[in-house]
Amino acid sequence: MEGTVFAPSLEGMKHVKSEEGEMLTRPFLDVCKLILPVIEKFGTAMALVKSDIGGNISRLEAKYESNPSQFKLLYSMVQVEVEAKTTKASSSCTNGLLWLTRAMDYLVELFRNLLIHPDWTMSQACSDSYGKTLKKWHGWLASSSFTVAMKLAPDRKKFMDVIGGSGDVNADMEKFCTSFSPLLEENHKFLASVGLDDLKAS
């Protein structure tokens, strides 16, 4: 493998914005997809996150593919639902984008923890990230499942070796966090502007 497991998503991020600076649906979803192989390396500990991210990507992709020209811009899907007053439906694309963004927040926070706290175990890094991101949106059941799953986190050194490939994994991880965070922030601002950034899990 050339470079680290982050290399494809770093490349993909260069294409997420249109020339006018608008978020494009397909490239944004592609970057989220390209980070799935990183999550796979966590094994069972991230099975929940992975299926959640995968499910939300599929939902948004299906909508995009139903009319690629209409939904070329990521937020156009939400705007259609805002007008139809269907944003809060559990199967809405708005809901999909919200939870996809939150899951990505969690991953960015986790990668940051791995960079900032070289002495932490993987479980510590996972739990701290969860507390800062997803926990407040999860009900008791989701929280309990997550807590159990995080106890299965892999050995940190093994994980870092696996995702390192032939590149500088810390440099790429940092690049991923600094490049991806502003995009997630933009999603939150947009969702907040239509009054939808505070939906909790059922």
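Me: What is the handedness of the crossing of α5 and α10, and what makes it so?
Reply: The crossing of α5 and α10 is right-handed. The term applies if the near helix is turned clockwise from the far one by less than a right angle, and left-handed applies if it is turned anticlockwise. This is a predicted model, in which local features need pLDDT of at least 70 and side-chain atom pairs pLDDT 80 or more, while totals for chains, interfaces and linings use all residues. Residues are numbered from 1 along each chain as its sequence is written, and side-chain values use heavy atoms, without hydrogens or water.

Me: How do α5 and α10 run relative to each other, and how do you know?
Reply: The axes of helix α5 (residues 74-84) and α10 come within 11 Å and cross at roughly 15 degrees. That makes α5 roughly parallel to α10. The cut-offs are under 35 degrees for roughly parallel, over 145 for roughly antiparallel, 65 to 115 for roughly perpendicular, and oblique for the rest. Axes are lines fitted to C-alpha atoms, for helices over the stretch in contact, with angles from 0 to 180 degrees between N-to-C directions. Helices (H or I, at least four residues) and strands (E, at least two) are DSSP runs, numbered from the N terminus.

Me: Why are α6 and α7 called oblique to each other?
Reply: The axes of α6 and helix α7 (residues 122-132) come within 8 Å and cross at roughly 135 degrees. That angle fits none of the named bands, so the two helices are oblique to each other. α6 passes α7 in a right-handed crossing.

Me: What about α2 and α6?
Reply: The axes of helix α2 (residues 25-34) and α6 come within 12 Å and cross at roughly 45 degrees. Again no named band fits, so α2 and α6 are oblique to each other. The crossing of α2 and α6 is left-handed.

Me: How do you know whether the length of α6 agrees with its residue count?
Reply: The expected span is 1.5 Å times one less than the number of residues. For the 24 residues of α6 that gives 34 Å, and the end C-alpha atoms are 34 Å apart, which agrees.

Me: What makes α6 largely enclosed by the rest of the structure?
Reply: 21 of the 24 residues of α6 are buried, so the helix is largely enclosed. Buried means under 20% relative accessible area, exposed over 50%, and partly exposed in between (1.4 Å probe, protein chains only).

Me: How many aromatic pairs are there, and why is the pair of Phe-6 and Phe-176 called tilted?
Reply: The structure holds nine aromatic pairs. Phe-6 and Phe-176 are 5.6 Å apart centre to centre, with 45 degrees between the planes. Rings of Phe, Tyr and Trp (its six-membered ring) pair if their centres lie within 6.5 Å; planes under 30 degrees apart count as stacked, over 60 as edge-to-face, the rest as tilted. The pair passes on distance, and its angle leaves it tilted. Phe-6 lies in the segment before α1 (7-13) and Phe-176 in helix α10 (residues 169-193), so the pair ties together parts 170 residues apart in sequence. Both Phe-6 and Phe-176 are buried.

Me: Why is the pair of Tyr-106 and Phe-146 called edge-to-face?
Reply: The ring centres of Tyr-106 and Phe-146 are 5.5 Å apart and the planes stand at 90 degrees, so the pair is edge-to-face. Tyr-106 is in helix α6 (residues 93-116) and Phe-146 in helix α8 (residues 140-150), 40 residues apart. Tyr-106 and Phe-146 are buried.

Me: Which residues form one aromatic cluster?
Reply: Phe-6, Phe-28, Phe-111, Phe-176 and Phe-180 form it.

Me: How do you know that the charged end of Arg-102 sits over the ring of Trp-137?
Reply: The test asks for NZ of Lys or CZ of Arg within 6 Å of the ring centre and within 35 degrees of the ring normal. The charged end of Arg-102 is 3.8 Å from the ring centre of Trp-137. Arg-102 also lies over the face of Trp-99, at 4.6 Å from the ring centre.

Me: Is Lys-85 buried or exposed, and what makes it so?
Reply: Lys-85 has 73% relative accessibility, so the residue counts as exposed. Lys-85 lies in the loop between α5 and α6. Its phi is near 55 degrees, a positive value in a residue other than glycine.

Me: Why is Ile-57 called buried?
Reply: The relative accessible area of Ile-57 is 2%, which puts the residue under the buried limit. Ile-57 lies in helix α4.

Me: What makes Gly-43 partly exposed?
Reply: Its relative accessibility is 39%, between the two limits. Gly-43 is in the loop between α3 (36-40) and α4 (47-66).
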